[in-house]
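User: I would like to learn how to read the symmetry and the interface of a model with two chains. Please take me through one.

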2 protein chains.
Amino acid sequence: MTGSLDQFFKTYKTEVENRMIHFLEDLNSTAQLKEAMRYSVNAGGKRIRPLLLMASYLAYAKDVEKTYSSAAALEFIHTYSLIHDDLPAMDDDDIRRGKPTNHKAFDEATAILAGDALLTYSFEIVAQDDLLSDREKVYLIKLLSETSGPNGMVAGQVLDMAAESKYVDLEALETIHKLKTGELLKFAVRAGAYLGQATDEQISHLDQYAHYMGLIFQVQDDILDVIGEENKIGKPVKSDEGNLKSTYPQLLGIDGAIQQKERYAALAKEALQNANADESYLFQLIDYFSKRDH
Amino acid sequence: MTGSLDQFFKTYKTEVENRMIHFLEDLNSTAQLKEAMRYSVNAGGKRIRPLLLMASYLAYAKDVEKTYSSAAALEFIHTYSLIHDDLPAMDDDDIRRGKPTNHKAFDEATAILAGDALLTYSFEIVAQDDLLSDREKVYLIKLLSETSGPNGMVAGQVLDMAAESKYVDLEALETIHKLKTGELLKFAVRAGAYLGQATDEQISHLDQYAHYMGLIFQVQDDILDVIGEENKIGKPVKSDEGNLKSTYPQLLGIDGAIQQKERYAALAKEALQNANADESYLFQLIDYFSKRDH
């Protein structure tokens, strides 16, 4: 049995943030580039991805020391994707988490390069972690490149941009979210479980868990876009509607979207039971994903 | 003793290009993204980096099969760096190798994402190569991320952009070139030698060789910018002078630049002798770098 989710967050969110700062301080790079990387890494956020990785590890093992390099790498890749997504040529966002986006705080060239640098450094962090065996490093790097690259997150961003000016059906919408958000969640859950020495069968059930967690995350994002308060989510409410992007509430109505989310939550719980991980923080994270208000 | 450099190029340039195409065909990504990645990978170029890697391997071993994943990964990373460097927010180039740059042939968002995808996929290619041991994969990935990331190539691009509107001295100029061009050449030479089982001492001499090869490459680039023919180098002659970027001929004069290049060539040859590799293609490549006309 585990403690409260609040306590888990309190303990590990600060710790993973400290590790990220240390990794950036280790860089022997130009001051301007380091500052731009640090700016976006320090811009806050819930750190859901690294915390999910650590929760998955703790479902099977203790002492999270081995998870910090992959947890930080994952958050760096998430951060790079936000920097590039916000660029004028992409979503053209000026504000992210209540602060100027990277290209607004610096300039476009610096933002592109800070993203490139965070992406590349992620692989370096894992490759140089002395606590990991070569076999573990290769597993993590292979999974991280697969989930974040042209078969994963980057493909999701391409499809997402193509879908901006048209309505897409639920299946196409889920494909986009699966790639754009779900792949990194899959990395989080699978990497943690692998480092915690879960069995292959347990990991395949956790893949299902991660899949539904991604969908819950997105449905809730869409619901918040309609009913949330602007100051809580840090961007203009209904910004997705403004650019015609399809959302769950548009396709199913608000009530339908909430029901869909509850179906996904039930399926995520079932997957956790099959993975013998239903008494872990992973279980409590389902409700956290489903009920978050920002 | 080795055969002629012409024969070496003929044999391996086509082969490494075929492998790159196969790696891209293996992708299960969206059609648009694959097309944009393929466009720039197929845009030609001398393939100097992968060929240098293979030449370095052949100085110590036979059967280059083990080199193809790292050779292709290296060229993909070089290609991603060109795509991002050409963007409007960076060098704003419309033409590369006589063809529209990626963001002109597609659009800016696609070009940014195609670059991101090539970078990420490079690590995946190496991580999934069944011919390599886990130890070899980790060595290559660590070296590739170090040389191409915020301690390497990306830092060079940041410094290069900062130097565009001012004159810099020779030392600062060499720092920029060392990072922007030299780091990937270091990867090429070191990765090939490592896979060919060169000793640590030989590899440290080859680092010197790679260092001078990078400088030769850049001096010759600058000389060609002044005296070259536009149709051979595929971009407007004196384009660097137009944006005030410092060059060797500006700092040393044309004759001084040529003398500097010859000093570097002598030092590269000395390093090769110390690495017991002076009867390899690496030796012939010094003159090739020094005398290339495009």
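Analyst: Start at the axis. A:Asp134 is the residue of chain A that comes closest to the rotation axis, its C-alpha lying at 2.8 Å. This is a predicted model: local features need pLDDT of at least 70, side-chain atom pairs count only at pLDDT 80 or more, and totals for chains, interfaces and linings use all residues. Residues are numbered from 1 along each chain as its sequence is written, while chains are lettered from A and ligands numbered from 1 in the order in which they are written.

User: What turn and shift lay chain A on chain B?

Analyst: Superposition is by least squares on the C-alpha atoms of residues with pLDDT of at least 70 in both copies. Here a turn of 180° and a shift of 0.0 Å along the axis lay chain A on chain B, with an RMSD of 0.0 Å. That is the relation of a two-fold axis.

User: How many residues of chain A are in contact with chain B?

Analyst: Contact means that C-beta atoms, placed from the backbone, lie within 7 Å. By that rule, 42 residues of chain A are in contact with 42 of chain B. H6(A) gives the most to this side of chain A, with twelve residues. Helices are DSSP runs (H or I, at least four residues), numbered from the N terminus.

User: Why do the copies meet through the same surface?

Analyst: Compare the two sides. 100% of the interface residues of chain A are also interface residues in chain B, so the surface is the same.

User: What pLDDT does chain A average?

Analyst: pLDDT is the predictor's confidence in each residue, from 0 to 100. Where pLDDT is low, the predicted coordinates should not be read in detail. Chain A averages 92, and 93% of the residues score at least 70. The model scores ipTM 0.93 and pTM 0.94.

Key. Two residues are in contact if their C-beta atoms, placed from the backbone, lie within 7 Å. Helices (H or I, at least four residues) and strands (E, at least two) are DSSP runs, numbered from the N terminus.
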